[in-house]
Amino acid sequence: MKNTGPILAEIETFLEDHERDIIDFACKLVATPSENPPGDESAIAEVITAKAVELGLPEPRVVAREPHRPNLVFEIMGDETGPRLMYNGHIDTKPVGDLSKWNTDPLNPVIKDGFLYGLGASDMKGGVAALLYAAAAIARVQDKLKGSLLLVLTGDEEAGGAYGAEYLAKNDYIHADIGLIAEGCGIREEWEYLNLISRGETCFKIKVYGTQMHSSVCDVLPSVNASLKMAEVMLKLAKELKFRYEPHPLCPQGVTMGVATVVNSGVYYGVLPGYAEFGTDVRTLPGMTREAMEEDIRGFVERLRLEDPTLEIDYEFEPLPLGWIETVVVPEDHPFVDALKVSAGNVLGKVPQLGAYPAWTDARFFQHVAGVPTIPAFGPGLLTVAHGPNERVLVESIVKASRIYALSGARYLSMSKDG
């Protein structure tokens, strides 16, 4: 690595001069609707493009499966003898939901007690603002860098990625040696984890059959209430179904099973339920396979049949992708991870502990489709306030994020290709 001192100093000066601008831009992003569903990122893409031009960044490449679902791809080139780094953030949000639960207008950003409040503040418009200014800082020193930065701002993350990261990855728009997604990485506090893993997910249904009949005679004639049987199965599944897996040091919580996240049964009053089903999602660890999980579920179902001759039961995995989403793992010894640790330590005063993101992110497309190892979540904000009323992010975290991304990027892109 060349002497990066002057490069880092120039970056720091630029970001210090623009601290207020970074926060103002995060507020402008929050004020620009991009709820998904229904899904339309065109307005926020225009806001980002205008700011990028103002900051001296190159015009983005606009890649869109549909005109109102744009993705923005910025490229900042070094001398091309070094590595290629991708930074990513999504520009859509979940819908507002119940307005009565919000203390402020979700589309009118409010700064109070050190927090920015508003829809998408944590997930992840604060992170996007930090990324754009980090990219602008790196662009100021690009002639001194060996490698190149790819800033990819995607739509449709909140509804699955078919118009966003999945589309880009499947159509060969993403080429990099490593990537990072600026998702909020905290659960109890901001900057809690440097998440090198995101857990995978599989979703399946348990189906229970009974006797559909007039409910007024269900105590006179032989009958099986499918809903009651289903309730018994739910409780047993929650207590007794265990999956086989190898523990992972970055996933101390192990496997998480959300039992009965979806429930359907019954026809109407007067009709004894003849069919009932419930869905369960399982957050998986590295090394787990769908085949092994199916063996565990099948064994559980067969045991229940033996224990209760009146129980008619079956199971079914959801179609892909929900039927199986693979885990993402980035090696701890990657040179960019080292650069992140150094920069985060300098900016935050500590190096966040390595961890696993509890859910999945767009990293699954970048890593498993485009072949780019991608850190699934390291950014400002808390997972625990996303997708809910009164979403917020620490203002200082947005500024710190811009410094971490710019300094880490400069350190990594100052290396030769072989590190």
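In what order do the six strands of the open sheet stand? In this predicted model, the order is β1-β2-β6-β3-β7-β17, and the pairing is mixed. The edges are occupied by β1 (61–64) and β17, each of which has a single partner strand, so one side of each is left without a neighbour in the sheet. Helix α3 (residues 42–54) packs on this sheet, where it touches β2 (70–76) and β6 (148–154). The direction of α3 makes about 20 degrees with that of β2.

Strand β7 comprises residues 178–181 and stands between β3 and β17 in the sheet order. With strand β3 (residues 84–90), β7 pairs in the parallel sense over four bridges; here Tyr87 stands opposite Leu180 of β7. Strand β17 (residues 374–375) also runs parallel to β7, and two bridges join them. In this pairing, Gly179 is placed opposite Thr374 of β17.

In a regular strand, side chains alternate between the two faces of the sheet. Within β7, Ile178 and Leu180 point one way, whereas Gly179 and Ile181 point the other way. Residues on both sides of β7 are buried.

A nonpolar patch is found on the surface, formed by Val217, Val220 and Leu221. Together, these residues have about 250 Å² of accessible area. One of them, Val220, lies in the loop between β10 (213–214) and α6 (226–240). Val220 has a relative accessible area of 61% and is therefore classed as exposed, the cut-off being over 50%.

Key
Residues numbered from 1 in each chain as written. Predicted model: local features only at pLDDT ≥ 70, side-chain atom pairs only at ≥ 80, totals over all residues. Heavy atoms only, no water. Buried < 20%, exposed > 50% of the residue type's maximum accessible area, 1.4 Å probe, protein only. Pairing = 2+ DSSP bridges. Patch = residues over 30% accessible without salt bridge, like charges linked within 9 Å, V, L, I, M, F, W, Y side chains within 5 Å. Areas by Shrake-Rupley, 256 points an atom, 1.4 Å probe, with all protein chains shown as cover. Salt bridge = Lys/Arg side-chain N within 4 Å of Asp/Glu carboxyl O. Contact = heavy atoms within 4.5 Å. Axes fitted to C-alpha atoms, helices over the stretch in contact; angles between N-to-C directions.
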